[in-house]
Amino acid sequence: MVPLAMSLPTLRGYLKLLRPTQWLKNLMIFFPPFLGGTFFLAVIRPTALIPFVSFCLASSATYILNDLLDMEHDRNHPEKRLRPLPSGRISPLSARALALILAGAAIALAWKVSLSFLSFLLLYGAVSSAYSIRLKEYALVDIFCISAGFLLRLEAGGAAFGVTISEWLFLSVFLLAVFLSTGKRLSEKNRLGVSAANHRKVLATYPEGFLDGTMFMTGGAVLVTYTLYVISRHSSLLLYTVPLCCFGLLRYILRVQSGKGGDPTESLLRDMPLFIVGLVWAVMVGWGIYVP
């Protein structure tokens, strides 16, 4: 009983190190078949979940790398100091070993999907690693690196399920990713106040009001490109999802400006109005595409 009791906190620490709640972002892989009308044909394949699992393993490996590099800074952060590495629950050596195992497993699974899917996965790993090592210290570059992660998931989903990504969908996802990434940075800067630069150097390089303006600009651009994407689909029901998109964008802005946090995943899971709107959007889009 004693060894089991001692191992449970460690197991919880390893699980937290993987950040499983962030795997929600990897559902972007299923967007191409879902919006392309081939979702049910895609998911009945025995290998349908392999692309998703592969990206979950790869993203967890990059999260561990980022935590290893940020460990000293995170010890001074009011919330991040409780993470497994800065709190000392998990040793850096064990974390490195786990990251290598996850990365190797992700590549092995991606190889089974297709060579093009593997190339997108490797590119995602390269961008995420470069971001963690150096690029997160440069203004705008950090936001575009995070946004690239969403685009690579989208393109990887298209490669995995043989679906071509339309121009308007590509632009909508790109601008949405910039919008969410900017909101996350703005939330961090507002929340940490004068000590923001001590936790994330790049926050000191953004002038006052810049992130606010960027968030408003990209939010408006998302609404325009999504509307044009919906119009290109020639579906009257999909047109009614535009107000839902508008509400979701404004709700996220309200959440960021109110100091409730700007992490996209946490916002979707913790903000009930945002979660409900997202769910209704998915149902309406599914109905408009799959029901005659």
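Author: A helix here is a DSSP run of H or I with at least four residues, and helices are numbered from the N terminus. The model is a predicted one.

Reader: Where is the place of Arg19?

Author: Look between two helices. Helix H1 covers 2–18. Arg19 sits in the loop between H1 and H2.

Reader: Is Arg19 buried or exposed?

Author: Buried means under 20% relative accessible area. Arg19 has a relative accessible area of 18%. Therefore Arg19 is buried.

Reader: What is the phi of Arg19?

Author: Most residues other than glycine have a negative phi. Arg19 is not a glycine, yet its phi is positive. The value is about 55°.

Reader: Which loop holds His234, and is His234 buried or exposed?

Author: His234 also is not a glycine and has a positive phi, about 55°. His234 lies in the loop between H12 and helix H13 (236–239). Exposed means over 50%. His234 has 73% relative accessibility, so it counts as exposed.

Reader: Which residues is Ser54 in contact with, leaving aside neighbours within four places in sequence?

Author: Start with its setting. Ser54 belongs to helix H4 (residues 50–69). Ser54 is buried, with a relative accessible area of 0%. With those neighbours left aside, its contacts are Ala106, Leu109, Ala110, Phe117 and Leu121.

Reader: Which helix gives the most to the largest nonpolar core?

Author: The largest nonpolar core has 35 residues, and Leu169, Val173, Phe179, Tyr226 and Val285 have the most contacts inside it. Helices that each supply at least two residues of this core include H2 (31–35), H9 (141–161), H10 (167–192) and H12 (210–232). With 8 residues, the one that gives the most to this core is H10.

Reader: Which residues is Leu169 in contact with, leaving aside neighbours within four places in sequence?

Author: Leu169 is among the residues with the most contacts inside the largest core. Set aside its neighbours within four places in sequence. The contacts are then Leu35, Leu154 and Tyr229.

Reader: How many residues does the second core have?

Author: This core is separate. Among its members are Phe30, Cys56, Ile64 and Ala95. Its count is 31 residues.

Reader: Over which residues does pLDDT stay under 50?

Author: The mean pLDDT of the protein is 89, and 93% of its residues reach 70 or more. Where pLDDT is low, the predicted coordinates should not be read in detail. One stretch stays under 50 and has 0 contacts beyond four places in sequence. That stretch is residues 1–6.

Terms used: Residues numbered from 1 in each chain as written. Predicted model: local features only at pLDDT ≥ 70, side-chain atom pairs only at ≥ 80, totals over all residues. Heavy atoms only, no water. Buried < 20%, exposed > 50% of the residue type's maximum accessible area, 1.4 Å probe, protein only. Contact = heavy atoms within 4.5 Å. Core = buried A, V, L, I, M, F, W, Y, C linked by side-chain atoms within 4.5 Å. pLDDT = per-residue confidence, 0-100.
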